[in-house]
Amino acid sequence: MKVLFAVWELVPFFQVGGLGDVAKALPKNLHRQGVDVRVILPFYKALKLHRLQKKEIKKFTAIYDGKKQKVTIFQIHFLDENIPVYILKNEKWLDIPSRDTFSFYNLCVYEILKNNYLSWIPEIVHCHDHHTGLIPLLIKHNNLKFKTLLTIHNLNHQGKYSLDVIKRTGLDHSKCRVIQWETKKKQVNFLLEGIIHADLVNAVSPSYAKEILTEEYGCGLDEIIRNEGQKISGILNGIDYDSRDPVHDKNINYHYGVNDSPIQGKHLNKKFLQDKLGFTVSDDIPLIGFIGRFESKQKGLDIMHKMIRRVNLQKFQFVILGQGEIEWEDQFLWLASFYKKNVAYISVFDKKIASQIYAASDFLLVPSRFEPCGLIQMIAMRYGTLPIARETGGLKDSIIDGVDGFLFKKYSSFDLEMVMKKAVAIWKNDKNKINEMIVNAMKKDFTWDKSAREYIKLYNKLCSPSETS
Ligand code: NHF
């Protein structure tokens, strides 16, 4: 089985969010299960090659906006695996992400497939999020025989651009749904086009796949998604067990594993972090972490902030690692500067401190309004840190309330507070129960093997003629 994986970010070369992690871990596991998978992405200026040698494999010309554009395909490999990664160089459109970057990148992928510039013909093009949303349309309307799968990592980001970008690709824009959809503004919605034209679509957890059919979570696309309902499924992401491992993680000071003094190991890491953050070093105060993008529409920053402001801070220590919207950075900075002994806010993302938070915290807050999958709760659980999370999307699918974490239903600071206090009460009064939950969480199987097998089933379905023709 040959699969071209089209994605706009890839760890460790270029990362913006969780998609970059998935783009590394999923191909790695598909490759281990025998799939010939290759990754293709733009060669932005910001891409870091980590001293890898790049090999030029082809130069070609694509017509964009009526003009000839020179594109060079370079090949590198994954850092620790022999998987080809193709990076596309074009100074005008691909160096720095702009409103034309994705339409141009999608056009390049199409040209490459059409002309077999890679001297390798995939059966399937696996697209990810709106950045690749035009590829299925380009393939379908030009009658290429490749099957397409679109994975939705986040429906809230849809990639809306003026119709000009479609014209520039040379596509007849009457093929786009926008013509029936928006009468005045006439913007093309890349994700919407992807959903309509891909042969199959999946979301990154079974619950999110159901949620996006509803008005509440459908981000304005629920009607369309319901129409396409028969081709939509959900597959829960995994996490990379090689790099997320408290037994070997170089970023933490005290190593531990589920069979190697987990409670003692976490205790030592907690003391270290409390000291580093200038908190009182004590095992009687719960240390509660948060790690995430500061995106207020999604991540529950408002209810978390309200809750922290309201509780008696003498009884808790919070460590918040996140960056994004400036207003929210300011709000948390303000809290941390007033309550230095009990609230720490770190605005610069750093792998080392992230690992230290996972290893040291007793609990991790994930109060998201919606969460397509969420990776941090799984990483936290692997490090024996119990998530306190909203019962939505992938959080619902990965946490069992009272067994390996805590869930709350309603999006409200009061419900978050109530469940957090319940968790802390158990933590204080019933150490056996908490220790049992920690072990349950650490034993949970979030390996990518399982998810990769599910993707292979979808690939097989795509290739079986009766299913998608
Ligand atoms: O885990 C990778 C990530 C998800 O919930 C996350 C999100 C973006 O919002 O699939 O994509």
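How many bridges join strand β10 to β11, and in which sense do the two run? Keep this in mind while the tour approaches that pair through the sheet that holds it. The model is predicted.

**Stop 1: the nine-stranded sheet**

Select strands β3, β4, β5, β2, β1, β6, β7, β10 and β11; in that order they make up an open sheet with mixed pairing. At its edges are β3 (55-64) and β11 (232-234), each of which pairs on one side only. Step from strand to neighbouring strand and the turn between them averages 25°, direction ignored.

Now go to the β11 edge. Strand β10 (residues 200-203) is joined to β11 by three bridges, and the two run parallel. To find the register, pick Val201, whose bridge partner in β11 is Ile232.

**Stop 2: two hairpins at the other edge**

Move to β3 and β4 (67-77). Here the strands run antiparallel and are joined by nine bridges. Select Ala62 and Gln69 to see one of the partnerships: Gln69 in β4 is the bridge partner of Ala62. The hairpin of these strands has two residues between them. Asp65 is in the loop between β3 and β4. Check its backbone: phi is positive, about 55°, although Asp65 is not a glycine.

Continue from β4 to strand β5 (residues 84-89), where six bridges pair the two strands in the antiparallel sense. Phe74 has Ile87 of β5 as its bridge partner. This is again a hairpin, with six residues between β4 and β5.

**Stop 3: a cis peptide bond**

Select Val11 and Pro12. The peptide bond that joins them is cis, with omega about 5°. Pro12 belongs to the loop between β1 (2-6) and α1. Helix α1 spans residues 18-32 and returns at the last stop.

**Stop 4: the six-stranded sheet**

Next, select β14, β13, β12, β15, β16 and β17. In that order they form an open sheet, and the pairing is parallel. The edge strands, each pairing on one side only, are β14 (343-346) and β17 (406-408). From one strand to the next the twist averages 20°.

Inside this sheet, look at strand β12 (residues 287-294) beside strand β15 (residues 363-366): two bridges pair them in the parallel sense. Ile288 is the residue to click here, with Phe363 as its bridge partner in β15.

**Stop 5: the ligand**

Where does the ligand lie relative to domain 1 and domain 2? Colour domain 1 (2-238 + 449-468) and domain 2 (262-445) separately; both give residues to the shell around the ligand, so the ligand lies between them.

Show the 14 residues around the ligand; those that come nearest are His153, Asn237, Glu371, Cys373 and Gly374. Helix α1 gives three residues, the largest share of the shell. Sorted by class, the shell holds six nonpolar, six polar and two charged residues.

Three distances are worth displaying:

- Asn237: a polar side-chain atom is 2.8 Å from an oxygen atom of the ligand.
- Gln298: an N or O atom of the side chain is 3.0 Å from an oxygen atom of the ligand.
- Cys373: a backbone N or O atom lies 3.0 Å from an oxygen atom of the ligand.

Finally, turn on the surface. On its own the ligand has 290 Å² of accessible area, and the protein covers 94% of that.

Note on methods
Residues numbered from 1 in each chain as written. Predicted model: local features only at pLDDT ≥ 70, side-chain atom pairs only at ≥ 80, totals over all residues. Heavy atoms only, no water. Near = heavy atom within 4 Å. Polar contact = N/O pair within 3.5 Å; in protein donor to acceptor, adjacent residues only side chain to side chain. Areas by Shrake-Rupley, 256 points an atom, 1.4 Å probe, with all protein chains shown as cover. Helix = DSSP H or I, 4+ residues; strand = E, 2+ residues; numbered from the N terminus. Nonpolar A, V, L, I, M, F, W, Y, C, P; charged D, E, K, R; others polar. Domains from an automatic or database assignment. Pairing = 2+ DSSP bridges. Axes fitted to C-alpha atoms, helices over the stretch in contact; angles between N-to-C directions.
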